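Got a fold on the screen and not sure where to start? Here is a short back-and-forth between a learner and a teacher.

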Amino acid sequence: MTIESTYRIYGEELSYFTRKLEAAMIFYDAPFEMLNKNEHDPQEIESRSGTHQVPVLLTPENWMIADTTPLIHLLDDRFPARRLFPEGPLGILVQVVEDFFDEWVARTMVHYRWHYPESAEFASLKMANGNPEVDKVRLPIKFNYGFGQREFLLGIG
Ligand SMILES: N[C@@H](CCC(=O)N[C@@H](CS)C(=O)NCC(=O)O)C(=O)O
């Protein structure tokens, strides 16, 4: 088995949590590369990480792990010079702020991405790698993001 020296993020360009992990890796000054999960054997990634969600991190020891908050705790131990969760009272404050952005701003992001036709079209085209055929397929998707269930029309392939 080849052990790579860099980390690899399997994600999606518009994914809020992919960009959160990317920002963390930049903060740590960690060696990493970003790859689109859908273009790199998604079945294998899902089977190894145990989730269909992105991002998934491939570590230098060839682990595939998902879920950004515990990942950041792991990375804090690996890059202690640039911890995202500091020790002591400041660390408690950071945990609260991180939880707020992790749990709640993602819901706001979903609203702004999919509720307005122009942003939904932009996002769906981007996610479909610019294939305009995707816009012809419109599926009603139900989201329950804490404000009651809302139905949106998504142009997805
Ligand atoms: N708790 C996870 C959340 C990941 C997540 O919700 N990712 C979104 C993209 S930003 C996703 O994969 N959504 C598709 C789905 O849930 O089916 C984390 O922090 O990584």
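The dialogue below goes through this predicted model feature by feature.

Q: Let's start with the overall layout. How many helices and strands does the protein have?

A: There are 5 helices and 6 strands in the protein. Going along the sequence, the pattern reads β-α-β-α-β-β-α-α-α-β-β. As for burial, 19% of the 157 residues count as buried.

Q: And what share of the contacts joins residues at least 24 apart?

A: Take the contacts between residues at least 6 apart in sequence: 52% of them join residues at least 24 apart.

Q: How do I read the core? Which residues have the most contacts inside it?

A: The general idea first: in soluble globular proteins, nonpolar side chains tend to be buried together. Here the largest nonpolar core has 17 residues, and those with the most contacts inside it are Ile9, Tyr10, Leu21, Ala24, Met25, Val56 and Leu57. Strand S1 (7–11), helix H1 (16–28), strand S3 (56–58) and helix H3 (68–78) each give two or more residues to this core. The biggest giver is H1, with 5 residues.

Q: Pick one residue for me. Is Leu21 buried or exposed?

A: Leu21 sits in helix H1. It is buried, because 25 other C-beta atoms lie within 10 Å and 20 are enough to count. Setting aside neighbours within four places in sequence, Leu21 touches Ile9, Pro55, Leu57, Thr68 and Leu71. Leu21 and Ile9 are 12 residues apart in sequence, and their C-alpha atoms are 8.0 Å apart in space.

Q: What is Ala24 in contact with, leaving aside its neighbours within four places in sequence?

A: Ala24 is in contact with Ile72, Leu75 and Leu84.

Q: Now the strands. Why is S1 described as largely enclosed?

A: In general, the side chains of a regular strand alternate between the two faces of the sheet. In this model, 4 of the 5 residues of S1 are buried, so the rest of the structure largely encloses this strand. S1 runs parallel to S2, and 5 bridges join the two. Within that pairing, Ile9 stands opposite Met34 in S2.

Q: How do I read a helix that has buried residues? Which residues of H5 are buried?

A: Look down the helix axis and see where the buried positions point. In helix H5 (residues 117–127), the buried residues are Ala120, Ser124 and Met127. Viewed down the axis, the buried residues of H5 fall within an arc of 65 degrees, so they line one face of the helix. Glu118 and Lys126, on the other side of H5, are exposed.

Q: What makes Ala120 count as buried?

A: Ala120 has 20 C-beta neighbours inside 10 Å, and the cut-off for buried is 20 or more, so Ala120 counts as buried. Its C-alpha atom is separated by 9.8 Å from that of Val110, 10 residues away along the chain.

Q: Backbone angles next. Which way do phi and the peptide bond usually go?

A: Most residues other than glycine have a negative phi, and most peptide bonds are trans. This model has some cases that go the other way. Asp29, in the loop between H1 and strand S2 (32–36), has a positive phi near 60 degrees. Asp41, in the loop between S2 and H2, has a positive phi near 50 degrees. Just after H5, Asn129 takes a positive phi of about 55 degrees.

Q: Are those two aspartates buried or exposed?

A: Asp29 is exposed, with 10 other C-beta atoms within 10 Å. Asp41 counts as exposed too, with 12 C-beta neighbours inside 10 Å.

Q: And which residues does the cis peptide bond join?

A: That bond joins Val54 and Pro55, with omega about 5 degrees. Pro55 lies in the loop between helix H2 (42–49) and S3.

Q: Last one: which residues are around the ligand?

A: Start by listing the shell, then sort it by chemistry. The shell here is Ser15, Tyr16, Phe17, His52, Gln53, Val54, Ala66, Asp67, Thr68 and Thr69. By type, these divide into 4 nonpolar, 5 polar and 1 charged. H1 and H3 each supply at least two residues of this shell.

Notes:
Residues numbered from 1 in each chain as written. Predicted model: local features only at pLDDT ≥ 70, side-chain atom pairs only at ≥ 80, totals over all residues. Core = buried A, V, L, I, M, F, W, Y, C linked by C-beta atoms within 7 Å. Contact = placed C-beta atoms within 7 Å. Near = placed C-beta within 6 Å. Nonpolar A, V, L, I, M, F, W, Y, C, P; charged D, E, K, R; others polar. Arc of directions from axis to C-beta. Pairing = 2+ DSSP bridges.
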